[in-house]
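Please walk through this model region by region. What do local contacts, ring geometry and helix packing show?

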Amino acid sequence: TNQRIPNTPLVTHEGKEVRFYDDLVRGKVVAINMMYVACADICSTATANLRRVQQLLGARAGRDVFMYSLSLQPELDTPELLKAYAELHRVDPGWLFLTGASADIEELRYSLGFSDPDPLVDRDQTTHTGMLRVGNDAFQRWTMAPALAEPRQILATINHVSRTLTF
């Protein structure tokens, strides 16, 4: 297994128990962001923007490219609440909203690079909602993009990591 990415136990907005690495990331092209239901402005805007990315992906969404939104407030964001949030944003299959134990989510947040060296800044949850981690586990290619970037730019970033390397 990939040691950099923890195999964190999580629950999807559909109430299904999954393991982060084994079930969601292993061998896949993924786009991951952090959000929480109570986060008013940036989370809703980012979700709406990523919804446009999902539409641009078309049939590739949930087949070639998988989208994941991790809750920064897992103690508040139950699967039911995340399901309502996903429905509100008219999210299609292939995009999961995930929650779990607080300590597990924290470990995952750090390992995915959603952290700030300044502890004060790091404690502010809004710090972690503006970025999208894009990766291709099979080729160990990982990058970041602003979650509010133009949807076509985000798509280009996803396409960049999903292409196999040719020499």
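Leaving aside residues up to four places away in sequence, Thr8 touches Val18, Arg19, Phe20, Asp104, Glu107 and Leu108. The model is a predicted one. Thr8 lies in the segment before S1. Its relative accessibility is 2%, so Thr8 counts as buried.

**His13 and its surroundings**

His13 is found in the loop between strand S1 (9-12) and strand S2 (17-19). Is His13 buried or exposed? At 10% relative accessibility, His13 is buried, because the buried class covers values under 20%. Its contacts, not counting residues up to four places away in sequence, are Pro79, Leu82, Lys83, Ala86, Trp95, Leu96 and Phe97. Among them, Trp95 and Phe97 also belong to an aromatic cluster.

**The aromatic cluster**

Tyr85, Trp95 and Phe97 form one aromatic cluster. The number of aromatic pairs is two. Tyr85 and Phe97 make an edge-to-face pair, with 5.7 Å centre to centre and 70 degrees between the planes. An angle over 60 degrees is what counts as edge-to-face. This pair links distant parts of the chain. Tyr85 sits in helix H3 (residues 79-88) and Phe97 in strand S5 (residues 95-99), 12 residues apart. Both Tyr85 and Phe97 are buried.

How are the rings of Trp95 and Phe97 arranged? They are stacked, at 5.2 Å centre to centre and 20 degrees between the planes. Planes under 30 degrees apart count as stacked. Trp95 is buried, with a relative accessible area of 2%. Phe97 is buried too, with a relative accessible area of 0%.

**Charges over rings**

Two further rings have a charged side chain over them. Lys28 lies over the face of Phe66, 5.2 Å from the ring centre. The charged end of Arg109 sits over the ring of Tyr110, at 4.6 Å from its centre.

**Loop residues**

Arg90 is in the loop between H3 and S5. Its phi is near 50 degrees, a positive value in a residue other than glycine. Arg90 is exposed, with a relative accessible area of 63%.

Gln140 is found in the loop between strand S6 (131-136) and strand S7 (141-146). Gln140 is not a glycine, yet has a positive phi of about 55 degrees. At 42% relative accessibility, Gln140 counts as partly exposed, because the value falls between the 20% and 50% cut-offs.

Pro93 is also placed in the loop between H3 and S5. Pro93 is exposed, with a relative accessible area of 70%. Which residues does Pro93 touch, not counting those up to four places away in sequence? They are Gln54 and Ala61. The C-alpha atoms of Pro93 and Pro117 are separated by 35 Å, with their positions 24 residues apart along the chain.

Ala38 has its place in the loop between strand S3 (29-35) and H2. Ala38 is exposed, at a relative accessible area of 58%. Ala38 and Leu76 are 38 residues apart in sequence and 8.8 Å apart in space, C-alpha to C-alpha.

The accessibility values of these loop residues are set out below.

| Residue | Relative accessible area | Class |
|---|---|---|
| His13 | 10% | buried |
| Ala38 | 58% | exposed |
| Arg90 | 63% | exposed |
| Pro93 | 70% | exposed |
| Gln140 | 42% | partly exposed |

**Helix packing: H2 and H6**

How do the axes of helix H2 (residues 41-57) and helix H6 (residues 151-162) meet? They come within 9 Å and cross at roughly 60 degrees. That angle makes H2 oblique to H6, because it is neither under 35 degrees nor in the 65 to 115 range. The crossing of H2 and H6 is right-handed. On the H2 side, the contact is made by Asn49, Leu50, Arg52, Val53, Leu56 and Leu57. On the H6 side, Pro151, Arg152, Ile154, Leu155 and Ile158 take part.

Methods:
Residues are numbered from 1 along each chain as its sequence is written. This is a predicted model: local features need pLDDT of at least 70, side-chain atom pairs count only at pLDDT 80 or more; totals for chains, interfaces and linings use all residues. Side-chain values use heavy atoms; hydrogens and water are left out. Rings of Phe, Tyr and Trp (its six-membered ring) pair if their centres lie within 6.5 Å; planes under 30 degrees apart count as stacked, over 60 as edge-to-face and the rest as tilted. Helices (H or I, at least four residues) and strands (E, at least two) are DSSP runs, numbered from the N terminus. Buried means under 20% relative accessible area, exposed over 50%, partly exposed in between (1.4 Å probe, protein chains only). A charge sits over a ring if NZ of Lys or CZ of Arg is within 6 Å of the ring centre and within 35 degrees of the ring normal. Contact means heavy atoms within 4.5 Å. Axes are lines fitted to C-alpha atoms, for helices over the stretch in contact, and angles run from 0 to 180 degrees between N-to-C directions. Angles under 35 degrees count as roughly parallel, over 145 as roughly antiparallel, 65 to 115 as roughly perpendicular and the rest as oblique. A crossing is left-handed if the near helix is turned anticlockwise from the far one by less than a right angle, and right-handed if clockwise.
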